[in-house]
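Visitor: I would like to take a close look at a single part of this model, and then to see how that part sits in the whole. Please begin with one side chain and work outwards.

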Amino acid sequence: MPLPITDEAKTRVAYQVFSLFALHGFDGISMDEVARQVKLSKATLYKYFKSKEDIVCDMVGEIRGHLNALQFSTDTGIDSVLASISAIYFKSVLIAAYSSSKFLTDLEGKYPDIYAAYISALRAVQTRFEAFYEQAVREGYCKKLSISLVGEQTRRMLPAIIRPDYLGRHDTTLPDVIAEYYKLLLYQLLSEKYIAVTEQDSLYSFVDELVKIMRKQFLIS
């Protein structure tokens, strides 16, 4: 009797397939090629998911759950401010790994209802973060600037700088790029009196975990 498919295994496969869709588009890769890339037989892949739409629906639901769970606070001072910024950055990097412009265009064209739910979740977390940031500005932790503009900058930058061709051109590594861009964001966001915290190594402890997830789930080298 075959062993049951665990939720963890299904999610892991879904992330890997999702990343392939982001890279190649929905029509640019067949289920045969998907099975080969994630090292499963086609029969096994279909035990996980009945169709491409099934994969997309499952993954968007997973992403929405993660986004909806994000909470931001200034309750314990600069520590909670930094935790809030690192939490949204963590998710932003993961989203950048599979939300290419081609992927979003395909998603909107082929599965408009799923696309609408995805965009709604992104906008909701952005609204919550902007409210948090305004509070952090009022309490003196952050600079008064257009956080929506910083968000747009990050949405454009992250997909480009985590690509292998960027890393190769600049002779750098994925962990270094993720850490350096996070440091840049903190320089932009934090009030002058808190800039010194950016030199604390512990502030970047999440980077190794993030890179591990990306390499495991998104087939990134």
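Is Thr154 buried or exposed, and what is its relative accessible area?

Guide: Two remarks on the model and its numbering come before the answer. This is a predicted model, in which local features need pLDDT of at least 70 and side-chain atom pairs count only at pLDDT 80 or more, while totals for chains, interfaces and linings use all residues. Residues are numbered from 1 along each chain as its sequence is written, and side-chain values use heavy atoms, with hydrogens and water left out.

Thr154 is buried, because its relative accessible area is 10% (buried means under 20%, exposed over 50%, and partly exposed lies in between, with a 1.4 Å probe and protein chains only). Thr154 belongs to helix 8, which runs over residues 147–161 (helices are DSSP runs of H or I with at least four residues, strands are runs of E with at least two, and both are numbered from the N terminus). Once neighbours within four places in sequence are set aside, Thr154 is in contact with Pro159, Tyr181 and Leu185 (contact means heavy atoms within 4.5 Å). With Tyr181 there is also a polar contact between the two side chains, at 3.2 Å (a pair of N or O atoms within 3.5 Å, of which, within protein, one must be able to donate a hydrogen and the other to accept it, residues adjacent in sequence counting only if both atoms are side-chain atoms).

Tyr181 leads on to the aromatic residues, since Tyr181 forms one cluster with Tyr89, Phe90, Tyr182, Tyr204 and Phe206. The whole structure holds eleven aromatic pairs (rings of Phe, Tyr and Trp, the last by its six-membered ring, pair if their centres lie within 6.5 Å, and planes under 30 degrees apart count as stacked, over 60 as edge-to-face and the rest as tilted). In the pair made by Phe129 and Phe132, the ring centres are 5.2 Å apart and the planes stand at 50°, so this pair is tilted. Phe129 and Phe132 are separated by about one helical turn, because they are three residues apart in helix 7, residues 112–138, and both are buried.

Phe129, at a relative accessible area of 7%, is in contact with Phe72, Ser84, Ile85, Ile88 and Ile147 when neighbours within four places in sequence are left aside. Between Phe129 and Phe90, which belongs to the aromatic cluster, the C-alpha distance is 14 Å, with their positions 39 residues apart in sequence.

Helix 7, which carries Phe129, has 27 residues and reaches 39 Å from its first C-alpha to its last, close to the 39 Å expected at 1.5 Å a residue (the expected span is 1.5 Å times one less than the number of residues). Its buried residues include Ile114, Tyr118, Val125 and Tyr133, and what covers the buried residues of helix 7 includes helix 4 (52–69), helix 5 (78–98), helix 6 (101–110), helix 8 and helix 10 (174–189). After helix 7 comes Gly140, with a positive phi near 85°.

Helix 5, one of those covering elements, is itself mostly covered, with 17 of its 21 residues buried. Its end C-alpha atoms are 31 Å apart, which agrees with the 30 Å that 21 residues should span at 1.5 Å a residue. In helix 6, Asp106 counts as buried at 16% relative accessibility, and Asp106 touches Gly25, Phe26 and Tyr111, not counting residues up to four places away in sequence.

A contrast is offered by Asp171 in the loop between helix 9 (164–169) and helix 10, which counts as exposed at 72% relative accessibility. Asp171 has a positive phi of about 50° although it is not a glycine.

As for the setting, the chain has eleven helices and zero strands, and buried residues make up 46% of its 221 residues. Its radius of gyration is 19 Å, which agrees with the value near 17 Å for a compact globule of 221 residues (taken over C-alpha atoms, with the globule rule being 2.2 Å times the number of residues to the power 0.38). Of the contacts with a separation of 6 or more, 69% join residues 24 or more positions apart.
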